[in-house]
Amino acid sequence: MSMTLTRRPLFGGLPRVFWVLFGGQLVNRFGAMVLPFLATTLVARGFSAAQIGLVMSACGLGRLAGQPVGGLLADRVGRRATLIGGLVATSACLVALGAARGLPALAVTAGALGAAGGIYHPAAAALVADTVPAEARPRAFGMLHWAFNIGAALSGVAAGLLLAHGYWLLVAVDAAANLAFAVIVAAGVRPDRPVARDRRRPAGYRRALRDRVVVAVLALSLLGKLVYEQQRFGLPLAMAADGLPGSAYGLLITLNAGLIVLVQPVLVAWTSRFPRLAMLGVSWVLIGAGFALSGPAAAAWQYALAAVVWTAGEIGMAGFGAALVADLTPEGAHGTYQALYGWTGALAALVAPSAGAALYDGGALWWACAVAGALGGLSAVLLAPAVRRR
């Protein structure tokens, strides 16, 4: 693929549909208050750690199931209809989860919530891939990640204040935010029709999984995301073992979000002139190196320096991963291919805690992160000729 060396604008040159999705993502993420506080709420209700883990795992498994369904619907029914349907279903599932009381009902509704949330994500990514020019895709996907983090930062503050007035208020805000996103899409995105498929060639997931280059990119993305997910598991364990308070971890996550909000648009606009896979390789190396630096860290400032490194990798991965998958996707199949890419994130979120626990207990977690990052960078170099031929 050819990349021009012209200067990239920060916010210009993106179509109206993208800004509709950007605004909807910002509103939706600001309202995403239920899942971050679900475990806390269940503790207050008297559920055990094992029971809470079951509910959270059900949500993760639902997301794994929802992604491929959403990809198929996006390609065969349409992006707009799938996106609106998934958002409305998510809103309904949030209300059902808020009303659930016993463990079976909580597990079922959490699984349904994960599935509904997984359905609309591939449709949104497919809309970006459909409407944004190829050279601007890294910037567009990076900007959506930027909106996600802005919304998340505001959501955390607002949810903490609202929770004092009852969990149902969080449910109401979250459900309303999903409905608001659906209304924004309904008003701002024109109805679309699926592209006619060539019956002589396998379509959807069969075609994608027979493409060795795509499978290799997905496998490397999964590896990078498994390392990145250690910010949720490995880092809190390591910081606690060093005697640092929970507030120190909270400040670290705030630093991560703050850096993304401050530098992501500029960094992705500048790096989008380079080949996608090269930037992904650099991102995987930075993520691996950043978490590897957490091994010898002992003081809060040392963890903060490590966070700067892996945050830079996160910014690159968010911008270039989906863009590269879009570049490798045949016409009319962006929904299924983006679902596969999103599926790697869902799988990493589900597997990373148990894998990280085993490696951490064996004293090998940070070494494994370093090796995984180096392997990702080396594999990107080896895979580059095959990607260029595409």
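This is the transcript of a short talk on one predicted protein model.

Good morning, colleagues. The model under discussion is predicted, and I shall go from the overall fold to a few individual residues.

Let me begin with the fold. The protein contains 15 helices and zero strands. Its C-alpha trace extends over about 55 × 45 × 35 Å along the principal axes. For a chain of 390 residues, a compact globule would be expected to have a radius of gyration near 21 Å, and the value here, 20 Å, agrees with that. Of the 390 residues, 51% are buried. If one takes the contacts with a separation of 6 or more, 85% of them are between residues 24 or more positions apart.

I turn to the surface and the charges. The accessible surface amounts to about 17,000 Å², and carbon and sulfur atoms contribute 70% of that area. The protein carries 29 positive and 13 negative charges, and the mean positions of the two sets lie 6 Å apart.

How many salt bridges does the structure hold? There are five, and I shall describe some of them in detail.

The first topic here is Arg79. This residue pairs with Asp75 in a salt bridge whose closest N and O atoms are 2.5 Å apart. Both partners, Arg79 and Asp75, are buried. Arg79 also meets the side chain of Asp130 in a salt bridge, again with an N to O distance of 2.5 Å. Because Asp130 belongs to helix H5 (residues 103-131) and Arg79 to helix H4 (residues 79-99), this pair ties together parts that are 51 residues apart in sequence.

Is Asp130 buried or partly exposed? Asp130 has a relative accessible area of 40%, so it counts as partly exposed. For Arg79 the relative accessible area is 6%, which means that Arg79 is buried.

A further salt bridge joins Arg276 and Asp327, with the closest N and O atoms 2.8 Å apart. This pair links distant parts of the chain, as Arg276 is in helix H12 (residues 276-292) and Asp327 is in helix H13 (residues 300-327), 51 residues apart. Arg276 has a relative accessibility of 2% and therefore counts as buried. Asp327, at 22%, counts as partly exposed; the cut-off for buried is under 20%. To return to the earlier group, Asp75, Arg79 and Asp130 are joined into one network by salt bridges that share partners.

That network leads to His334. This residue is part of helix H14 (residues 334-361). Which residues does His334 contact, leaving aside its neighbours within four places in sequence? They are Asp75, Arg79, Ala126, Ala129, Asp130, Arg137, Ala326 and Thr329. The list thus includes Asp75, Arg79 and Asp130, the residues of the salt-bridge network. With a relative accessible area of 8%, His334 is itself buried.

I shall now consider three residues elsewhere in the chain.

Ile184 is located in helix H7 (residues 167-188). Its relative accessibility is 29%, so Ile184 counts as partly exposed. How far apart in space are Ile184 and Leu21? They are separated by 163 residues in sequence, and their C-alpha atoms are 8.1 Å apart. Apart from its neighbours within four places in sequence, Ile184 is in contact with Val20, Gly24 and Val27.

Pro68 is found within helix H3 (residues 49-76). At a relative accessible area of 28%, Pro68 is partly exposed. Not counting residues up to four places away in sequence, Pro68 touches Tyr205, Ala339 and Trp343. Ala136 is 68 residues from Pro68 along the chain, and the C-alpha atoms of the two are separated by 26 Å.

Finally, Gly246 has its place in helix H11 (residues 246-271). Is Gly246 buried or exposed? Gly246 is exposed, because its relative accessible area is 60% and the exposed class begins over 50%. Gly246 and Ile84 are 162 residues apart in sequence, with a C-alpha to C-alpha distance of 38 Å.

To summarise, the predicted model has 15 helices and zero strands. Its radius of gyration, 20 Å, agrees with that of a compact globule of 390 residues. Asp75, Arg79 and Asp130 form one salt-bridge network, and His334 is in contact with these residues. Thank you for your attention.

Methods: Residues are numbered from 1 along each chain as its sequence is written. This is a predicted model: local features need pLDDT of at least 70, side-chain atom pairs count only at pLDDT 80 or more; totals for chains, interfaces and linings use all residues. Side-chain values use heavy atoms; hydrogens and water are left out. Helices (H or I, at least four residues) and strands (E, at least two) are DSSP runs, numbered from the N terminus. Buried means under 20% relative accessible area, exposed over 50%, partly exposed in between (1.4 Å probe, protein chains only). Contact means heavy atoms within 4.5 Å. The radius of gyration is taken over C-alpha atoms; the globule rule is 2.2 Å times the number of residues to the power 0.38. Accessible areas come from the Shrake-Rupley method with a 1.4 Å probe; for residues, only the protein chains shown count as cover. Lys and Arg count as positive and Asp and Glu as negative; His and the chain ends are not counted. The place of a charge is taken as NZ of Lys, CZ of Arg, CG of Asp or CD of Glu. A salt bridge is a side-chain nitrogen of Lys or Arg within 4 Å of a carboxyl oxygen of Asp or Glu.
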